[in-house]
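Trainee: I have a structure to go through. Can we take it in questions and answers?

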Amino acid sequence: MTAPAAFVETPDTDDAFPGQPPTPQTTARFVILLAAVSAASIVLFSYLYLSVPTKQTLFMERLTTCSIRVPDDATLPQYAEAAAQEAVCMRSARLDQAAWVGAALGGELALAYGLYLVWPAWIRRRRGLVTFDGCTEIEQHLAKLTKAAEIDPAPTWLLDPGSRLASGYVFGARKRYSVCLRAGLITRFVKDRAAFDAVVLHELAHLRNRDVSKTHLTLTLWRTFVVVAALPVVALTIGSGGLTHPAEWFSGSATALPRIMALLVLTAALLLIRNGIRRTRELEADATVGYFHPDSAGALRAVFDQEPDRGRIRSWFGPHPGRAARRAAVDKPKTLLQLRPWEGIGIGLSVGVVTANLGPNLTNLFSQTPLAAFFLEGLALGVLVCMVLAIAVWREMFSSPTRASRVRILLVTPFAVSSGLAVGQLLTAVGITGIDSSADMVAAVAAWGVLLAGMVCLAAWLYSAFRLTAEDGRSAFGWLLTLAAACVVTGWFTAWLLVQKAESPALWWLLPDRDDLLRNETGWYRWLAAWGHAANFPVSVASNGLFILLGSTLFWVIPFLLHLRSGRRFAGFGLALRTGAAGGVAVLMIGCLLPIAAKSALPLETRASSFGWVQDASYISVAVLMHVVVAAVVAGAASRSRPILVAVSASALSAVSLLGMLAMWAVGNCINVTGKASCRFPRTTFSELARNLHTIELRGMLLAAIGCLIGVAIARLFRRGSVPVLASAPEKMSWRGAPLRTVASDVVALSFVVLLIAMSATASVTRLADSFGFWFTGG
Amino acid sequence: MNRKTHDAQAEPVAAVAAILIEAAAPAELPMFPALARAYANSVVMRRGRDRPSPVDFGIEDAEHLLTPVLWQAAVDVVAYFGTVAASRGLALTADRVRAMLRRPAADTPSVTAAPAVTLTKEEWGHVHGIVTEVLQKSGMPHEEARQKADSVVAKGYLSDDGA
């Protein structure tokens with residue numbers, strides 16, 4: 001079906017996708033609900049498992065036997081070893097629990113599906129629905145409307161003879177659907193045919209949007225969850241006196257309060273998601289009528305106007321949208337795509353609950369290498385967060401590309417999703433059972449801050465990349481490739497979050513990981529070196545990220561390659577490349593001076609013992625700090641695509657800095673800074689170079705984000721026409737008839753890009769091999 | 001009451017109800033065949049708040065439906081007709097009811113050849129009273145209920161009166 005001409009001509013000029021129908025969003029929400037129900041059920045069933053006396057005895061005995069106390073100053077390998085031993089010891093008990101919980105979850109889902117199958121027959125019988133046999137005039141008119149709505153096969157039309165409401169509903173299962181019209185509505189068939197048609201077309205729109213089965217499954221899933229999972233927990237809590245003795249809420253190992261809180265939050269979240277699905281489907285059906293049947297849009301609006309206002313709270317959280325929202329859906333269907341803050345919180349909460357409860361089960365599978373479980377949990381979380389953000393950004397742009405709200409994209413959505421995620425991460429099966437009641441709220445808040453910062457950066461990059469893709473022709477390939485690049489790079493902050501969860505106190509301290517080598521005799525080098533290698537626990541773990549180097553390169557490579565296809569110049573790309581390279585050369589020159597300065601400032605005894613490591617750390621510090629300067633310059637000069645351009649400059653800076661490291665070693669050798677070197681080109685390995693590149697790039701990107709903000713702030717303050725701004729409309733790229741200087745500049749730039757990609761690819765592969773062992777073999 | 005008896009009673013009631021609806025609530029006539037089947041199977045109009053279904057359109061605007069009220073009136077009228085017919089030694093059938101109200105069935109070319117039951121002026125007045133009372137019980141103002149009852153009995157009453 002093509003869009004009606006009236007719609008294509010009349011929508012607001014902001015519509016970048018004219019002629020495209022509104023896209024139903026119920027499927028994504030249903031997937032979130034399914035995941036949230038599963039995760040919430042796992043949490044509650046885990047508690048119920050431990051309420052079975054024999055299971056409780058078995059599990060707690062095993063837990064007491066297997067508990068290993070890890071010293072506060074344990075290193076990561078020590079922690080990993082202890083965790084592995086504990087996991088192996090607990091394996092049989094955890095598998096028993098997993099089997100029990102899995103069976104209960106399977107039963108719950110099967111019951112929900114069974115109810116879904118029998119529900120249509122139950123509705124028909126309970127409400128005494130009848131067919132329209134003999135009502136020839138109505139039957140003929142309904143057939144006409146079905147044909148107009150292009151619904152094939154036609155649904156079964158039924159009458160609810162016992163209802164005075166002027167409405168209707170669709171129900172059914174497995175593609176056998178019925179539309180029930182209430183007796184109150186039929187009176188309008190005679191009195192107000194337009195209103196009758198609008199309501200019927202709305203119901204047919206549900207079939208067109210394919211949301212009927214999903215909605216019924218949503219309702220049966222919710223009801224099954226309440227009966228099978230939530231009510232037994234409530235009953236046990238009441239039975240154990242958990243509710244009647246408030247004094248005991250805060251005492252004892254298995255306090256009732258976390259359980260009650262978890263139960264309330266999970267149930268409320270599921271209820272809100274359920275209502276969200278119902279509201280969305282109604283709005284989408286309204287939008288579909290407005291789009292495909294503009295003649296009925298006025299009548300539909302008039303129907304809404306007859307309805308009394310529901311109030312904000314009911315409209316926002318209830319099962320049906322408010323009058324204003326429904327009118328807006330008919331008038332501007334694409335505004336439905338914008339992610340509301342409450343939706344963001346709900347989605348974040350669902351993702352948090354799912355991943356937080358995925359972890360313990362992964363630990364069962366990877367009992368020998370618990371870090372692998374952490375890694376996979378982090379990866380799942382990262383990919384889910386990235387996809388949520390990408391969908392939110394895409395929807396915001398799709399709804400209104402030129403007026404897409406940056407505040408919503410860069411602040412509101414990350415804030416909402418990260419807040420939900422932070423709460424969801426606290427709602428674990430371990431927490432609710434009271435086995436581990438040592439929830440570190442301070443660390444949880446800190447983790448939320450880290451998550452928020454990472455998500456703001458990612459949202460900014462996604463917005464830039466998607467905008468570029470949209471300008472270049474909006475190919476599906478481009479969108480997907482951009483999304484894939486974003487997913488690859490998300491591992492770093494999820495690893496951060498997860499490991500922080502395991503060892504939260506370490507988050508707060510900058511721990512020089514080679515403190516023994518940072519002796520006082522090294523003077524000012526000590527301070528500088530501490531910058532380069534001082535790390536808190538999460539950053540140390542992130543240094544072993546499998547895809548960080550690859551991801552940070554893809555951050556600019558993918559948008560650059562996609563833009564090349566459009567045949568236009570990437571505004572600011574050359575400047576970013578040059579600024580990054582210039583920064584790298586500056587670092588290189590400082591690096592060459594470092595051994596000379598050391599030789600004149602430090603005694604030979606100090607330089608002879610482990611000075612090489614201190615010198616490398618100092619050099620890395622210079623390179624990392626230079627990222628702030630370069631990012632500030634690039635972000636300040638650019639007027640768009642800042643996250644991509646900063647990533648380009650960071651890659652260029654890191655690569656040239658790595659070459660500078662070789663120069664520094666060569667100078668150190670030639671001036672014999674350690675007293676035992678000869679003037680020769682330094683010997684090194686790919687592994688060492690890749691590790692150094694990884695360190696510079698990871699820490700450099702973290703500081704580059706800060707530099708970017710500084711640059712934007714300075715540019716805002718001082719840009720009054722005097723500072724050159726990069727062209728906002730990229731010119732066509734063509735070498736035919738271009739000056740030789742332009743061609744030469746392009747060739748050099750492209751060669752440099754190829755060099756950067758080659759270096760990054762080599763380093764990524766090398767780091768991949770080195771880091772794999774850290775996560776998967778306990779090495 | 002067995003099913004056969006129930007059906008036998010339902011048909012005259014449906015016949016009377018159709019006439020009542022045609023006169024008093026023509027907007028509800030298109031769905032009458034379906035409603036008649038439902039009411040014949042003892043489906044009743046839900047009392048109190050008519051709760052929307054979880055998957056409903058979402059509008060709680062309710063229409064004032066006369067069909068259930070008129071159906072109840074038809075039940076009472078048919079019961080009265082039954083009494084009158086029995087007093088004259090005749091059984092009450094749908095055709096006989098239609099004949100009493102001077103409304104032939106749509107698919108029958110003429111009124112049944114069976115002897116008709118003719119109502120007196122007083123008996124028509126009683127029918128009028130039944131309809132008025134039921135409509136008033138449903139919340140309709142007295143004057144409006146009376147007018148609707150007038151239109152219901154007008155044809156039969158005038159015919160019989162003129163006979």
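Mentor: Here are some questions on its helix, sheet, cavities and single residues. This is a predicted model, where local features need pLDDT of at least 70, side-chain atom pairs count only at pLDDT 80 or more, and totals for chains, interfaces and linings use all residues. Residues are numbered from 1 along each chain as its sequence is written, chains are lettered from A and ligands numbered from 1 in the order in which they are written, and side-chain values use heavy atoms, with hydrogens and water left out.

Trainee: How far apart are the end C-alpha atoms of helix α8 of chain A?

Mentor: Helices are DSSP runs (H or I, at least four residues), and strands are too (E, at least two), numbered from the N terminus. Helix α8 of chain A covers residues 212–239, 28 residues. The expected span is 1.5 Å times one less than the number of residues, so it should be 40 Å. The ends agree with that, at 39 Å.

Trainee: At which residue does α8(A) kink?

Mentor: The bend at a residue is the angle between axes fitted to the seven residues ending there and the seven starting there. In α8(A) a kink of about 35 degrees comes shortly before the proline Pro232(A). The residue is Ala230(A).

Trainee: Which are the edge strands of the open sheet in chain A?

Mentor: Two strands pair if DSSP finds at least two bridges between them. The four strands run in the order β1-β2-β4-β3, with mixed pairing. Edge strands pair on one side only: β1 (130–131) and β3 (168–173).

Trainee: Which residue of β4(A) stands opposite Leu158(A)?

Mentor: Strands β2 (residues 156–160) and β4 (residues 176–182) of chain A run parallel, joined by five bridges. Opposite Leu158(A) stands Cys180(A).

Trainee: Is Val130(A) buried or exposed?

Mentor: Buried means under 20% relative accessible area, exposed over 50%, partly exposed in between (1.4 Å probe, protein chains only). Val130(A) lies in strand β1 of chain A. Its relative accessibility is 12%, so Val130(A) counts as buried.

Trainee: What does Phe547(A) count as?

Mentor: Phe547(A) sits in the loop between α21 (537–542) and α22 (548–565) of chain A. Its relative accessibility is 28%, so it counts as partly exposed.

Trainee: How do the residues lining the second largest cavity divide?

Mentor: The lining includes Phe304(A), Glu307(A) and, from chain B, Gly58(B) and Ile59(B). Ala, Val, Leu, Ile, Met, Phe, Trp, Tyr, Cys and Pro count as nonpolar, Asp, Glu, Lys and Arg as charged, and the others, Gly among them, as polar. The split is four nonpolar, two polar and four charged.

Note on methods: On a 1 Å grid over the protein atoms alone, a cavity is a set of points where a 1.4 Å probe fits but cannot get out, and a pocket is an open set with protein on both sides within 12 Å along at least five of seven lines; lining residues have an atom within 4 Å of a point.
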